[in-house]
Amino acid sequence: MSFTSITHTCQYNEEDGTMRMYLRGRPVVLHGPSDQDGLDPAKVAPPPQNKLKLEWVYGYRGKDCRSNLYLLPTGEIVYFVASVVVLFNVEEQCQRHYTGHTDDVKCLAVHPNKLIVASGQCAGHDRVDARPHVRVWNSVSLATLAVLGAGQAERGIWAVAFSRADGGSLLAAIHDAPDHVISVWDWQRSDKGHCLAETKCSVDTVVAVEFHPLDRNQIVTCGKNHIAFWTLDQTNVLYKRMGIFEARDKPKYVTCLAFNHNGDVLSGDSSGNLTVWGRGTNTVQRLVRAVHDGPVFSVACLKHGAVLSAGGKDGRIVMFDADVNPTGLENVIEGHYGGVRVLAEGRGSQLYVGTTKNCILHGDLELGFSPAVLGHVEEVWGLAAHPSLAWFASAGWDRLLQLWDALSHSTVWSKDIEERAQCVSWSADGAVLAVGCLSGRWLVLDPHSRDVLAQHQDGSEPIQTIQYSPDNKMVALGSRDNFIYIYRVEDNGARYSRLGKCLGHSSYITHLDWSEDSQYIRSNSGDYELLFWNAMTCRQVTSPSSLRDAAWASNTCPITFTTVGVWPENADGTDINSCARSRDGRLAATGDDFGKVKLYAYPVTQPKSLCHAYGGHSSHVTCVRFTQDGARLLSAGGLDTSLMQWLVD
C-alpha cells in the first residue's frame, strides 16, 4: 500500500466553473456544479480515511503453472493466482494471503519442515520494483525471511525447490532465460541468501527442479527433450548427467518428477509414460508405457508408499503400488474442470487436485471429487454487484458467466454462455442479469433459473458496457462500434424493444452513467470524450453546461468533473480501465493498467488527489465495483483471471 500524489496540467476557470484537463495532450473540458466553490488546482486533496484490506481471492493458476498446490500442517492448502499466494483452509472456509510479490507468481515450494514456503515471480510493470526473484517466507506469521536473485533472472523464476536430505538449508531455482539457468542458494545466510552455484541448465525449456530426498547435493531437473541429474560438489560446482532414453521412447517433454521410498526417481512425460530411474543412476530401470492418453502432468508418492499419476488431457488419476504396478484404483475428473495439473496429498486418503481450467478439487479416488476453488480461465472483464443482495457476477473471454456470494465466498453457479463476454450488469431491481459479448450479441438471464430470457445483436463489435436506468424502464449499451444503443425494458426485464442509437462519439464507447431521474446518459470514449445524451430521443445534449447540476446514479465514467483527480500526470486516457463510486458517495475506486486498485475520497475534484494504492493483481485491473452496502470492493484482474474482494475498513 502507498500514497500516490497526482499532478497534471489542469486549468480551473472560475468564471464558468470548468476544469480543463489534458489527456495525452488533448483538452477535455469538464463542467463543475453551479454551487462549486473556487478550486485551486495546486492544492492537494488528502487520501480517504478508509483503507482496503484483502479479504478473499477467487481463482487459481493451473492453466500454465505446475507444482503449485500443497497442504500445510495448519490444514490450509497453499497455491497462487496473480501476485498473491493464497493459504486457504477449505474445511473452515477461511483464507490468508502472502502479498510480498509485485507481479505474477510462477512457482512454489514447501520446506521439509512444512512451515517455510518459497515462491518465485516473473518480471513486472515496474522495472525496479518488479524484478524476477524468489521470496522465502513463514507460512504462519507471513513474515518474509529472504529475497533471492533480484536482478539476476531476466524474465522470471520458473521452478523452485528446497533441499531435503540436509533439512532444507539450500534452495534451487530455475530462471527463465535463453539458456535456462539453474542456481543454488544458501538461503539462510545473514546477507539474505548467498548464491553457491549457478550454471546454464539447458537451451530447452526446463519445467521442474527437485532435490533428492535421501542423497545430499543431488538435484534433478526435467523439461523439453530431457531429464538431467545434477551433483553439487564440495567446491559448489554443479555437474550434470543427462538421462539416457532408448531412442524410440524419448519423449518430447519430461513433464514431472517424484521420488519413491527407495530413492528412485519417477518421471512422467508427454507420451503418457511413467519412467523409474534407478537411484544414483541416469538409466531407465523400468518404463510403464501409455498410462495416460496425453501427457502426465503430475506424479505423487503418497505417505504409505503408493504412487499416483495424473493426466493433463484425459483427467484420469491412477494409483500404483510402491513398485509402480497398477492397483486397479483410479478416478477421472469431470471434463469441464479441465485436465489434472497437480496432485497434493491431503489428510487420510484425501487428495487435492489442481486443474488446467484453474479449479481446485478435493475428495478421494473412491468417492470422487468436488470443487473447492473455481475460477475463470481466460481474460475477465465483466463484474457487477447485485443492487440489494451480497451477490456479484463475473464474465470473461472463457465464455463463463459466474454468480458468486460475497459473504460465503462461494460460487452460486457457473454457466457456459457459449459467447466470449466483455461486460455484465444487473437490472436496477436485481431481477435479471445482462451480459455483453465480443460478437455484439447481448443476453439477459434469470439469475435463479439461469435461463436466457432475451438475446439481441447490436453491430458486430464488442458490447463494452451495459447500464440499466435507475427506474428500470430503459437499458443503454455502449459498443466498440462508437454507438450507444438504447432499449425500452418490458416484462420485468424479460423483453426489450429498441428506442434508437446515439450517434456522435468518434471512438469506441468505454463507460456510461445514467442520471438519477433516468432522463440523461453521459458517456466516455476511447478518444477521451465526455458526451451527454437525452435517453428518450437518443440525441446528444450539445450544451454540457446545462447538465452541470444533474445528479448521476453512478460514476463509472472516469472522465468527469468529480473524478479529475484519479488521472496521473501524463496519463494515457486508457490507463484507467474502471471507476466506481460507493453508494453513500464518500469513496471512489479505480482499476488501472498497472495492476493497481486505488481508493480515493469522493468527489475527486482536485487534480492533485492522494489515494491508497493496492497491489495483488498482476495484470490490468479491468473492473472495480463496490458491493451494495459499500462494505466491500470487488476487482477483476483481466489476464490474471482472478477476482479479489476487499474489505473497506
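Student: In this predicted model, why is R61 called buried or exposed?

Tutor: R61 has a relative accessibility of 16%, and buried means under 20%, so R61 counts as buried.

Student: What makes D104 and R61 a salt bridge?

Tutor: The side chains of D104 and R61 come to 3.1 Å, N to O, and the cut-off for a salt bridge is within 4 Å, so the pair qualifies. D104 lies in the loop between β10 (94-98) and β11 (105-110), while R61 lies in the loop between β6 (52-58) and β7 (70-71), and the pair therefore ties together parts that are 43 residues apart in sequence. D104 is buried, and so is R61.

Student: How do you know that D64 forms a salt bridge with R61, and what is the accessibility class of D64?

Tutor: The closest N and O atoms of D64 and R61 are 2.8 Å apart, which satisfies the limit of within 4 Å. D64 has 45% relative accessibility; since buried requires under 20% and exposed over 50%, D64 counts as partly exposed.

Student: What makes D293 and K313 a salt bridge?

Tutor: Their closest N and O atoms are 3.9 Å apart, and the criterion asks for within 4 Å, so this pair is counted as well. D293 sits in the loop between β26 (284-288) and β27 (296-301) and K313 in the loop between β28 (307-311) and β29 (316-320), 20 residues apart. K313 has a relative accessible area of 61%, and exposed means over 50%, so K313 is exposed.

Student: Which residues are joined into one network by salt bridges that share partners?

Tutor: R61, D64 and D104 form that network, and a search of the whole structure finds 20 salt bridges.

Student: Why is C122 not bonded to C65 in a disulfide?

Tutor: The sulfur of C122 is 8.9 Å from the closest cysteine sulfur, in C65, whereas a disulfide needs two sulfur atoms within 2.5 Å, so the distance is too far for a bond. C201 likewise fails, because its sulfur is 9.8 Å from the closest cysteine sulfur, in C222. The count by this rule comes to zero disulfides.

Student: Why do β47 and β50 stand at the edges of their sheet?

Tutor: Four strands form an open antiparallel sheet in the order β47-β48-β49-β50. β47 (509-514) and β50 (539-540) each have a single partner strand, so one side of each is left without a neighbour in the sheet. How β49 (residues 530-534) meets β50 is also clear, since the two pair over two bridges and pairing requires at least two.

How values were computed. Residues are numbered from 1 along each chain as its sequence is written. This is a predicted model: local features need pLDDT of at least 70, side-chain atom pairs count only at pLDDT 80 or more; totals for chains, interfaces and linings use all residues. Side-chain values use heavy atoms; hydrogens and water are left out. Buried means under 20% relative accessible area, exposed over 50%, partly exposed in between (1.4 Å probe, protein chains only).
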